[in-house]
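Open the model in your viewer and keep the selection tool at hand. This tour goes from one stop to the next and says what to select at each.

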Amino acid sequence: MTGVPASAEGGQGRPAPGGKLGAAAVNQASVWNIANILTMMRLVLVPAFVALLLQDGGYDPAWRAWAWAAFAVAMITDIFDGHLARTYNLVTDFGKIADPIADKAIMAAGLISLSVLGDLPWWVTGVILFRELGITLMRFWVIRHGVIPASRGGKMKTLAQGTAVGMYVLALTGPLATLRFWVMGVAVVLTVVTGLDYVRQAVVLRRAGLAAERDRAGSAP
């Protein structure tokens with residue numbers, strides 16, 4: 001994820017030693033770097049993905065296969081832009097804003113489109129989007145006290161959501177259609193569980209931050 005704040009990824013990586021690209025990136029992280037370009041590509045893919053998914057009423061297997069390809073490319077760029085940004089120190093202010101927007105946009109587009117088509121219950125879409133929006137707002141709420149590191153559960157949640165939405169985009173039948181139901185069930189459970197854990201961490205972090213502020217105020221001359 002390009003320029004993802006430490007609260008989302010648990011900190012930035014160091015530049016790769018000995019590489020010309022790494023050395024150049026340390027000197028200057030231009031907005032027009034490869035990580036940001038991948039993020040912008042993901043943003044462009046959002047309307048393209050929706051258009052492909054809803055083509056011909058949204059029930060043509062061929063168009064849905066193309067929509068799945070666009071969704072898969074978006075998910076892959078999400079992995080690579082983050083790796084590049086952390087490895088080569090390509091973090092920019094643009095990336096810090098655009099990357100989480102791109103992440104949420106492609107997932108929201110998939111969930112809402114599938115619910116509009118009647119393939120996915122609206123309550124599933126509501127639970128996932130409420131969690132994602134709530135956690136994003138909560139991060140801003142506690143950012144002055146510290147950051148919430150990414151958890152293994154959070155990464156598993158993202159993988160499960162992406163896999164489940166991708167399976168629902170494809171016109172699957174038989175056992176695979178049943179399997180995607182269970183994959184989405186796992187995604188929803190992980191969404192709720194990790195969301196509650198982030199809330200707990202945020203409350204603990206805020207209390208510790210407020211206590212530290214009171215201590216500093218009390219010791220000030």
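Angles between helix axes that are over 145 degrees count as roughly antiparallel, and those under 35 degrees as roughly parallel. Keep these two cut-offs in mind for the helix pairs below. The model is predicted.

**Whole chain**

Start with everything selected. The protein has eight helices and zero strands. Read from the N terminus, its elements run α-α-α-α-α-α-α-α. Of its 221 residues, 40% count as buried. Now colour the surface by atom type. The accessible surface comes to about 12000 Å², and carbon and sulfur atoms hold 71% of that. Take the contacts with a separation of 6 or more: residues 24 or more positions apart account for 80% of them.

**Stop 1: α5 and α6**

Select residues 93-116, which form helix α5. Add residues 122-142 for helix α6. At what angle do α5 and α6 pack? The angle is about 160 degrees, and the axes lie 9 Å apart. That angle is over 145 degrees, so α5 and α6 are roughly antiparallel to each other. Their crossing is left-handed.

Show side chains at the contact. From α5, pick Lys104, Ala108, Leu111, Ile112, Ser115 and Val116. From α6, pick Trp122, Thr125, Ile128, Leu129, Glu132 and Thr136. Colour this contact of α5 with α6 by class, and seven nonpolar, three polar and two charged residues appear.

Stay on α5 and select Asp99, which lies in this helix. Is Asp99 buried or exposed? Asp99 is buried, with a relative accessible area of 0%. Now add Leu43 and draw a C-alpha distance. Asp99 and Leu43 are 56 residues apart along the chain, and their C-alpha atoms are separated by 8.8 Å.

**Stop 2: α6 and α8**

Keep α6 and hide α5. Add residues 175-219, helix α8. These two helices pack at an angle of about 20 degrees, with 10 Å between their axes. The angle is under 35 degrees, so α6 and α8 are roughly parallel to each other. The crossing of α6 and α8 is left-handed.

Select the α6 side of the contact: Trp123, Val124, Val127, Ile128, Arg131, Ile135, Met138, Arg139, Trp141 and Val142. Then select the α8 side: Met184, Val188, Thr191, Val192, Thr194, Gly195, Tyr198, Val199, Ala202, Leu205 and Arg206. By class, the contact of α6 with α8 holds 15 nonpolar, three polar and three charged residues. Ile128 deserves its own label: it is among the α6 residues that meet α8, and Ile128 is also among those in the contact with α5.

**Stop 3: α7 and Lys155**

Leave Thr194 shown and select Lys155, which is found in helix α7. Lys155 is exposed, with a relative accessible area of 54%. Draw a C-alpha distance from Lys155 to Thr194. The two are 39 residues apart along the chain, and the separation is 9.6 Å. Thr194 is one of the α8 residues that meet α6.

**Stop 4: α4 and α7**

Clear the view. Select residues 61-87 for α4 and residues 152-169 for α7. α4 and α7 pack at an angle of about 165 degrees, with their axes 9 Å apart. That makes α4 roughly antiparallel to α7. Which way does α4 pass α7, left-handed or right-handed? The crossing is right-handed.

Show Arg64, Ala67, Trp68, Phe71 and Met75 in α4. They meet Gly162, Val165, Gly166, Tyr168 and Val169 in α7. The contact of α4 with α7 has seven nonpolar, two polar and one charged residues by class.

**Stop 5: α3 and the loop after it**

Select residues 34-54, helix α3, and pick out Met41 within it. Met41 is partly exposed, with a relative accessible area of 38%. Add Ala74. Met41 and Ala74 are 33 residues apart along the chain, yet their C-alpha atoms are separated by 7.8 Å.

For the last pick, select Asp56 in the loop between α3 and α4. Asp56 is exposed, with a relative accessible area of 54%. Check its backbone: Asp56 has a positive phi of about 55 degrees although it is not a glycine.

Note on methods
Residues are numbered from 1 along each chain as its sequence is written. This is a predicted model: local features need pLDDT of at least 70, side-chain atom pairs count only at pLDDT 80 or more; totals for chains, interfaces and linings use all residues. Side-chain values use heavy atoms; hydrogens and water are left out. Axes are lines fitted to C-alpha atoms, for helices over the stretch in contact, and angles run from 0 to 180 degrees between N-to-C directions. Helices (H or I, at least four residues) and strands (E, at least two) are DSSP runs, numbered from the N terminus. Angles under 35 degrees count as roughly parallel, over 145 as roughly antiparallel, 65 to 115 as roughly perpendicular and the rest as oblique. A crossing is left-handed if the near helix is turned anticlockwise from the far one by less than a right angle, and right-handed if clockwise. Contact means heavy atoms within 4.5 Å. Ala, Val, Leu, Ile, Met, Phe, Trp, Tyr, Cys and Pro count as nonpolar, Asp, Glu, Lys and Arg as charged, and the others, Gly among them, as polar. Buried means under 20% relative accessible area, exposed over 50%, partly exposed in between (1.4 Å probe, protein chains only). Accessible areas come from the Shrake-Rupley method with a 1.4 Å probe; for residues, only the protein chains shown count as cover.
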